Amino acid sequence: MSVNFLISQAKNIQFVINENAAEIEALDQNIGDGDHIFNVQRGLKLVVELEDDIKNLPLQKGLNTIAMKVLSGIGGSSGALFGTFFMSMAKTPDLDKDIDFKKACEMVITGINAMKERGKADVGEKTMMDVLIPVSEKLNELKSGNTDMKEGLSEIIKIAEDRMLGTKDMLATKGRASFLGERAKGHIDPGARSSQLIIDTICKSLINK
Amino acid sequence: MKKFINNVDDFLKESLSGFGKAHSDIITVNFEPNFISRKSKTKQGKVSLISGGGSGHEPMHGGFVGHGMLDAACPGFVFSAPTPDQMQAAAEHVDSGGGVLFIVKNYSGDIMNFQMGAEMYSGKNDSIITNDDVAVEDSTFTTGRRGVAATVLVEKIVGSLAENGGSLEECKKLGEKVNNNSGTMGVAFTSCTVPAAGKPTFDIGNDEMEFGVGIHGEPGRKREKIRPSKIIVNNMLEAILDDLKPQKNEKTLLFVNGMGGTPLTELYLVYDDACEILKSKEIEITRSLVGNYCTSLEMQGASITLLKCDEEILKNWDAPVHTAAMRWGM
């Protein structure tokens, strides 16, 4: 992992999110207030625009710059959560050494744990954490096991998709959808959908490398 | 979408700029990071009150910055929580040695961003979280009730105590008392349109209303057919009274708040209905507030807030205030 890797992933993700923007917006209007997609799009645009400023920076500095940009440029729950994600990834030890797959797993796990802490949300609450926490658990397994990387990534794609779809029949107990009670049932959580698309994009690009 | 817009991306900046020019005698608008602060420096040792939230609820919160109310307000994008650097910058700007009290509405995004702002600010600070909306069931397992119109009352009443030398602890305690003694219920007849979305947040029939709506057009308790005002108001008050359980002849403040698209003529009609119903239940109304204070863009609808008042609350409610949206006694 390097700053250039992060930027190229942000560009890929931006493309996929824009392609699916109307769907995510509609999901949010069903159970939220419709700001999620704009926040995600604004965040991705800001990160992609950072390219010239950060492309030659060491990883830790690059991550911190992205974190501050995301934190100050997005707002809403997404800004706080994704900002926390990058800020915590930057705190992973030994980022100045070569980043192999195991190290990258460790970074993402650290980031997701911090998001969990910040949002005080766990699985089963109809939020993006329903996708991110199981993915983090799988990464932890891959990090310490001997599974082939590409095989592991395929499993992650599957987990993310299943868990995203699984939010459909959940009652929400966190976030704006929690105010709806039973009425939130039957709708996929927009944050779970955008997170799943992000994970799907990254994993596929690594598999096809 | 028909709105006064030049360019969607400039919507907030231009609106804030106009607000700053229109009220340059009371406030100053600071850009990047965005916050609105009092024109005059907060006096030495006074507790600074800072609130904020998504834009689209005007005059909340920028319209409440000034003598006897807030020291600063941090506006986010429309219906999106502001960012931590805004809160940090606002706190550094206004803190005059008395510490900072953040007043936060109970929405996940606001809570997280204010928490991070408070962590980034090195000075003494504390927070109050408002959650007056009785439309949502309260439970320790959920995000809980929404913070809505009673936030206006908290900001006014705590603002007066801070102005008169109350400590950070005392201000927090009074704020929590006001929050715990108030209940709000909202109804919407139409949706609102977020500028960036360009279309209404939800669809609603010509003869329908959303009962228990939030302040972002997020759905409420249930969708119902529209009824005569007396019946709607009665249902709203019943939900509030079930929650607040005021005693006979208890003194209250009755606040009828417009969501942005309902004319004052209707809000006064709602007030009239509410007075009659409360009178029949032997609840005394000693103070009133009617108008658009906590809005949802152009949404048609209203919320009713009832606040149980003791002497301390009444004294601080009556105290002088001079902000863009609320002014009396000076």
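Colleague: In which helix of chain B does B:D110 lie?
Modeller: This is a predicted model, and in it B:D110 sits in helix α3 of chain B, which covers residues 108-120.

Colleague: Why is B:D110 called buried?
Modeller: Let's set the value against the cut-off. A residue counts as buried if 20 or more other C-beta atoms lie within 10 Å of its own. B:D110 has 28 other C-beta atoms within 10 Å, so it is buried.

Colleague: Which residues does B:D110 touch, not counting residues up to four places away in sequence?
Modeller: They are B:G53, B:A81, B:V104 and B:K105. To be called a contact, the two C-beta atoms have to lie within 7 Å.

Colleague: And how far apart are B:D110 and B:E218?
Modeller: They are 108 residues apart in sequence, and from C-alpha to C-alpha they are 16 Å apart in space.

Colleague: What makes helix α2 of chain B largely enclosed by the rest of the structure?
Modeller: Count its buried residues. This helix spans residues 84-94, and nine of its 11 residues are buried, so the rest of the structure largely encloses it. The buried ones are B:P84, B:D85, B:Q86, B:M87, B:Q88, B:A89, B:A90, B:A91 and B:V94.

Colleague: Now to chain A. How many helices and strands are there?
Modeller: Chain A has 10 helices and zero strands.

Colleague: How do you know that the radius of gyration of chain A agrees with a compact globule?
Modeller: For 209 residues, a compact globule would have a radius of gyration near 17 Å, and chain A has 16 Å, so the two agree. The C-alpha atoms of chain A fill a box of roughly 50 × 35 × 30 Å along the principal axes, and buried residues make up 51% of the chain.

Colleague: Why are α9(A) and α10(A) called roughly antiparallel?
Modeller: Helix α9 of chain A (residues 149-166) and helix α10 of chain A (residues 190-207) pack at an angle of about 165°. Angles over 145 degrees count as roughly antiparallel, and therefore this pair earns the name. Their axes are 9 Å apart, and the crossing is left-handed.

Colleague: Which classes of residue make up the contact of α9(A) with α10(A)?
Modeller: The contact has 10 nonpolar, two polar and four charged residues. Among them are A:L153, A:I157 and A:E161 of α9(A), and A:R193, A:I199 and A:D200 of α10(A).

Colleague: What makes α5(A) and α6(A) roughly antiparallel to each other?
Modeller: The reasoning is alike. Their axes cross at roughly 170° and come within 8 Å. Since the cut-off is over 145 degrees, α5(A) and α6(A) are therefore roughly antiparallel. Their crossing is left-handed. On α5(A), the contact is made by A:L63, A:I66, A:A67, A:V70 and A:L71, while residues including A:F82 and A:F86 take part from α6(A). The contact divides into nine nonpolar, two polar and no charged residues.

Colleague: How many residues does each chain give to the contact between chain A and chain B?
Modeller: Chain A gives 25 residues and chain B gives 31 residues. On the side of chain A, the elements that give two or more residues are α2, α3, α5, α6 and α7. The largest share, four residues, comes from α6(A).

Colleague: What classes do the residues on that side of chain A fall into?
Modeller: The side of chain A that touches chain B has five nonpolar, 13 polar and seven charged residues.

How values were computed:
Residues are numbered from 1 along each chain as its sequence is written. Chains are lettered from A and ligands numbered from 1 in the order in which they are written. This is a predicted model: local features need pLDDT of at least 70, side-chain atom pairs count only at pLDDT 80 or more; totals for chains, interfaces and linings use all residues. Ala, Val, Leu, Ile, Met, Phe, Trp, Tyr, Cys and Pro count as nonpolar, Asp, Glu, Lys and Arg as charged, and the others, Gly among them, as polar. Axes are lines fitted to C-alpha atoms, for helices over the stretch in contact, and angles run from 0 to 180 degrees between N-to-C directions. Angles under 35 degrees count as roughly parallel, over 145 as roughly antiparallel, 65 to 115 as roughly perpendicular and the rest as oblique. A crossing is left-handed if the near helix is turned anticlockwise from the far one by less than a right angle, and right-handed if clockwise. The radius of gyration is taken over C-alpha atoms; the globule rule is 2.2 Å times the number of residues to the power 0.38. A residue is buried if 20 or more other C-beta atoms lie within 10 Å of its own, exposed if 12 or fewer, and partly exposed in between; C-beta atoms are placed from the backbone.
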